[in-house]
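Here are a few friendly notes to read alongside the model. Please keep the structure open as you go through the points.

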Amino acid sequence: MRIAVCGGTGVVGRHVVRVAAARGHEVAVLSRAEGVDLARGPEDAVDAALAGADAVVDVLSTSTLSAKGAVAFFTATTRRLLAAEQRVGVPHHVTLSIVGIDGIDASYYAGKLAQERLVAAGGVPHSIVRAAQFHEFAGQIVARASLGPVTLAPRTLTRPVAAAEVADHLVAVAEGGPVGRAPDLVGPADDTLAAMIRRLSAHEGTRRRVLEVRLPGRYGAGLASGALRGGPDAVRGRLSFDDWLGSTVRAG
Ligand SMILES: NC(=O)c1ccc[n+]([C@@H]2O[C@H](COP(=O)([O-])OP(=O)(O)OC[C@H]3O[C@@H](n4cnc5c(N)ncnc54)[C@H](OP(=O)(O)O)[C@@H]3O)[C@@H](O)[C@H]2O)c1
């Protein structure tokens with residue numbers, strides 16, 4: 001198969017590219033670093049990058065936490081992708097979303113819900129895969145929410161999963177053809193973001209003070225509620241956060 005990975009230079013995207021190539025697929029990577037801006041670049045560049053693809057895997061992201069910004073980003077990129085797929089005849093659009101976000105229509109999750117709605121209504125046969133927070137999310141929060149050695153961790157109850165296992169799941173879904181809503185994927189054990197960051201820092205030997213803060217509003221309530229752990233039907237990943245810390249998949 002030829003698989004186009006939109007966001008193939010990102011945290012999970014790099015694993016999707018690696019897994020797809022290892023399974024013998026031809027892979028095209030779309031990102032700004034690869035010369036394709038999916039929010040505002042020219043349509044013909046998107047068409048050229050998607051030509052001949054049997055599946056598109058969308059693992060794009062934005063760092064904004066504003067609902068308006070997230071909705072604008074995911075709406076613009078998803079519309080452009082779906083329109084290009086219709087023009088060049090891509091038969092399967094796979095999008096990655098987040099477990100448990102129904103009812104948390106705020107902040108970044110407002111963008112993900114808008115994206116899911118567009119994909120479901122978009123006229124391209126699709127699969128929507130939801131995953132829990134990645135193990136790598138702990139490091140992403142350190143990078144985005146630290147002032148020197150102090151990190152603010154939103155109170156978040158989750159069931160984190162390795163991005164490498166999410167990539168395995170995404171490539172299997174891409175290979176299998178459109179299913180609509182695919183099974184959710186969560187990790188093997190409950191955790192909190194603050195505890196994950198503390199263990200990441202201890203593992204790396206970094207002196208870091210982690211302040212757990214309950215974010216206000218619907219977004220904060222949703223993060224803390226436990227909804228992000230997914231339901232009983234979710235597929236469970238096998239690599240725990242603590243095993244992942246010292247694993248070759250993380251080092252690689
Ligand atoms: N992180 C988590 O814990 C988690 C959990 C569940 C689901 N997800 C979902 O997984 C997806 C990927 O998340 P991630 O954390 O792997 O993202 P990430 O590391 O921030 O990577 C984002 C990717 O999007 C690309 N990108 C951003 N803006 C672009 C644009 N205008 N045009 C083309 N490419 C663009 C980036 O490449 P360039 O900068 O080169 O453009 C990069 O490859 C997201 O949809 C997220 O909601 C994440």
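1. Let's start with the backbone of Gly 10: one of its N or O atoms lies 3.0 Å from an oxygen atom of the ligand. Do bear in mind that this is a predicted model.

2. Two further polar contacts are worth a look. At Leu 60, a polar backbone atom is 2.8 Å from a ligand oxygen. At Ser 31, a polar side-chain atom does the job, 3.2 Å from an oxygen atom of the ligand. As for cover, the ligand taken alone exposes 910 Å², and the protein buries 89% of that.

3. Where does the ligand sit? You will find the ligand in the largest pocket. There are 28 residues around the ligand, and those that come nearest are Thr 9, Arg 32, Leu 60, Tyr 108 and Lys 112.

4. The make-up of this shell may help when you browse the side chains: 16 residues are nonpolar, eight are polar and four are charged. Helices α1 (11-22), α4 (107-121) and α5 (137-144), together with strand β4 (93-98), each supply at least two residues of the shell.

5. Finally, a word on Ala 83, which has its place in helix α3 (residues 67-88). Is Ala 83 buried or exposed? The answer falls in between: its relative accessible area is 28%, so Ala 83 counts as partly exposed, since buried means under 20% and exposed over 50%. Val 57 is 26 residues away from Ala 83 along the chain, and the C-alpha atoms of the two are separated by 15 Å.

Notes:
Residues numbered from 1 in each chain as written. Predicted model: local features only at pLDDT ≥ 70, side-chain atom pairs only at ≥ 80, totals over all residues. Heavy atoms only, no water. Helix = DSSP H or I, 4+ residues; strand = E, 2+ residues; numbered from the N terminus. Buried < 20%, exposed > 50% of the residue type's maximum accessible area, 1.4 Å probe, protein only. Near = heavy atom within 4 Å. Polar contact = N/O pair within 3.5 Å; in protein donor to acceptor, adjacent residues only side chain to side chain. Areas by Shrake-Rupley, 256 points an atom, 1.4 Å probe, with all protein chains shown as cover. 1 Å grid on protein atoms, 1.4 Å probe; cavity = no way out; pocket = protein on both sides within 12 Å on 5 of 7 lines; lining within 4 Å. Sits in = over half its atoms within 2 Å of the grid points. Nonpolar A, V, L, I, M, F, W, Y, C, P; charged D, E, K, R; others polar.
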